[in-house]
Structures are given as structure tokens and as C-alpha cells.
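These entries record what I looked up, beginning with an aromatic cluster and then turning to the elements around it.

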Amino acid sequence: MNNSNELPYTKVVLVKYGEIALRGNNRSAFENRLCGAINKSLGGTSYSVTKEQGRILIQKKEIDDELDYDYVVKRVKLVMGIVGICPAIKTENQDIEHLRELALLYIKQIAPKGEFSFKVESKRSDKRYPIKSNEVSALIGEHIFESMENASVRMKNPDILLKLELRTDAYMYIDTIKGVGGLPYGSTGRGMLLLSGGIDSPVAGFMAAKRGVLINCAYFHSPPYTSERAFIKVQDLAKRLSDFTGGLTFYKVNFTDVQLFLYENVLHKRLTILLKRAMLIISERLAKREYCDCLITGDSLGQVASQTLAAIRAQSSAATLPIIRPLAGMDKIEIINLAEQIETYEISIRPYEDCCTIFVDKHPETQPKQDIIESIERQLWDKGLSDLIDAAVVGAERILV
């Protein structure tokens, strides 16, 4: 609580969400999940996170305990479902004269030195408020203009855009920090992400999480062909994803025996397809342990030989769960740009190869026939592939990140 110039206000943060507002009868459930995610991100019991007429309100529980804008924004801006974060001040007194004086005080605290332009935008959530929004803006703007010699009004692109929201209480703010957007994490189901050390799969995991999917990860490790540093790289990717999700379950699957068996028993041009089928089979079994509704891969249509439509079809029949491919319509530049935005790119380009990269054939089959691939796999199943896959599932190490 601040009592400067006998104008009491409280420092708060207003959180804006996007498509949650369109959820109809389910809206409250999505809002509650978002409040829970924000509470978790703040990591303590000293904050109050409540719903406030189309916004989420964050404030300190103790009235004399001042909120730290920087800390709250840093933690909350990674939460899925948030489109805007507004460091604001709150006052219970909505009398227009009080609002005029408070706005002037607020502007004086943050106004740049020298001349500046400003604009006031007001919004009434309660239409019973006796003054219309544009009149509120005019009255407040007039007071600022007449009280500050260096202030001028500019309706387009002002230096300062002061926003006033009249809700249960009144809120003033200037900055709106962009959030991740999407839906609250875990609100649409659970998925198992096939996470490699490449650029694509962590971006796919992020995009699925942004659509409300709770993420688990399966990583395929092939010692001695992949090093411990390759595993650390993937673990770091999972940790970065957990910054957005608030934590996740990560499986480390020893894939060496499966990989060597396939390498020794199939034509190398078909090796990649059969390796990916084995990964999907193992991932699905792990997914069912975690009550997942889908598998998630980083496939981008046509990007490499194993991602042609024919190859994707030949792989997909290995799983009974639906396979979500968030990157299917994106090109490599778009994926890299997003990887840079979510800060996974620098981790992904560390020079430690994953198991697929090492065993890939120089001339893989690009138009495999699904029935032929399935027939080959059935024969391999009886030769020992089934037991090796069982062992890989049983031996998978479950790690909490």
C-alpha cells in the first residue's frame, strides 16, 4: 500500500488471457487452471491470484507487503494461456476526482524527462458507472495536460498510453508485456513427446504445450554410439521446456540393442523407417503408463526423407494413439526462429549427435510401402525384436525435470 500525497493505491499485476474468454460454459475451468499455473510459477504462498472480471489479478496477501513487478513478470510471462501482463496500480476509490489525482501522480512517477506526449484510454466493465469511458479519459487527460507543462496530448503513437480499467476496483497501467498465449497447460489432455537432441522436437513440444497438452518426454539413448553429453543436451532441452510447463516427466530409453538388431537385419535404406516405428511403439507403451492421449513428434512435412507423406504413413501405423505433429506445415527457417524465441536453439546445436543421426543411411527410401514395412517388422518381431522392445520399455529410466 502506498499513501503518497494521501492517495492510497496498491501495486498489482493484471493478467490478460485470450481465447479462454471464448470457452463458454467451460470458461471457469480454464480460468481456474490458469490461476493454478500462475500460483505455481510464483512459487510461494505470499501472493494472491484471483479472477477479476475477465482478468487475473495478482497481488500480495499482506497489505503492507509491496509487490515486486520484476519478479512477478519474469515468472508469469512463461505461463501458457497468458497473452498480456500489466504491472498496474489498484485503488478502491473510483470517484472521478480521486482518479484524476491518482493518474497525475502515476504519470509524474513514470513520465520521461523533458516534453512527452500521452493519451488516456478508459474501459468500464460495469456500465452502471455514472460517467462514460470516453468522458473519463477526457477528464483525466485534461487534468494531466493542465498540471504538467511538458505534457501534450497525442491520439496516435503517444509516448505514454495510460490505460484505466474500471472493474470491481480501478486499475491503471502503461506497459503490457506480451505473454506466451495459447491455453492453460494441461487443459486439453496429456501427450508423450519423442524428444531428440535436434532443433525440431523441443519446438514441437512447446507448441503442443501451448495448446494445453501436458507434456511427457521419451529420449532414445544409444551408448556407446551416443555420448553422455548427448543425453545432457536433451536433458537441458527438457529443463528449458519445463520452464514453460512447471515441470515434466522425462524417460531415458536405452535403445542400443534395438538399434543394432535392426541395423543387422534390414536393408539400410529402410532402417530409418523401422527405427522410427520402434520408437513409436516404445513411446506409446510409456505414454500409456502416464495416461497420455497422444504421441507428439517434430516431423515437418517433406523436410527430410523420413518425413515424406509415404514415410509418415509407413511409420504411423506402429502406434494406436493419435500422433500430433505441430510442425507439419512449418519450414526449417520458421522452426529455427521459434527455437530461438523459446531459447532451445543454442542447446539443440551443441555438437552431440542423437541415435538417428548416427545410423541414418545416405540414401534412405523416400516412398516406402506401408504393407511391405509392416510385413518386414512382423518377421523381425518373431526373430527377437519383440523381446528387445519389451526390455527397452522395462529398463526405461523415469526422471522428473
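**Entry 1: burial of two rings.** I worked from a predicted model. I looked up Phe 231 and Phe 250 and found both buried. Their ring centres lie 6.1 Å apart and their planes meet at 40°, so I recorded the pair as tilted. Phe 231 belongs to helix H6 and Phe 250 to strand S12, so that the contact links distant parts of the chain, 19 residues apart.

**Entry 2: the other partner of Phe 250.** I counted seven aromatic pairs in the structure. In one of them, Tyr 219 and Phe 250 have ring centres 6.4 Å apart and planes at 15°; planes under 30 degrees apart count as stacked, so this pair is stacked. Tyr 219 lies in strand S11 and Phe 250 in strand S12, so the pair ties together parts 31 residues apart in sequence. Tyr 219 is buried, as is Phe 250. I therefore noted Tyr 219, Phe 231 and Phe 250 as a cluster linked by ring pairs.

**Entry 3: the strands that carry these rings.** How do S11 and S12 pair, parallel or antiparallel? I found the parallel sense, over six bridges. Asn 216 stands opposite Thr 249 of S12. Between the two strands the chain passes through H6, and I recorded this β-α-β crossover as right-handed. S12 spans residues 249-254 and is mostly covered, with five of its six residues buried.

**Entry 4: another partner of S12.** I then looked up strand S15 (residues 397-400), which runs antiparallel to S12 and is joined to it by four bridges. Here Thr 249 stands opposite Leu 400.

**Entry 5: helix H5.** How many of the eleven residues of H5 (200-210) are buried? I found nine, and the helix is mostly covered. Among the buried residues are Asp 200, Pro 202, Val 203 and Phe 206. The buried residues of H5 pack against several elements, including strand S11 (213-221) and helix H6 (228-245), both met in the entries above. Strand S10 (189-194), strand S13 (294-296) and helix H10 (332-341) are also among these elements. After H5 comes Gly 212, for which I noted a positive phi, near 90°.

**Entry 6: charges over rings.** Lastly, I looked up charged side chains placed over aromatic rings. Arg 23 lies over the face of Phe 30, at 4.9 Å from the ring centre. The charged end of Lys 60 sits over the ring of Tyr 47, 4.2 Å from its centre.

How values were computed. Residues numbered from 1 in each chain as written. Predicted model: local features only at pLDDT ≥ 70, side-chain atom pairs only at ≥ 80, totals over all residues. Heavy atoms only, no water. Buried < 20%, exposed > 50% of the residue type's maximum accessible area, 1.4 Å probe, protein only. Contact = heavy atoms within 4.5 Å. Pairing = 2+ DSSP bridges. Right-handed = clockwise from strand over helix to strand, strands pointing away. Phe/Tyr/Trp six-rings, centres within 6.5 Å; stacked < 30°, edge-to-face > 60°. Lys NZ or Arg CZ within 6 Å of the ring centre and 35° of its normal.
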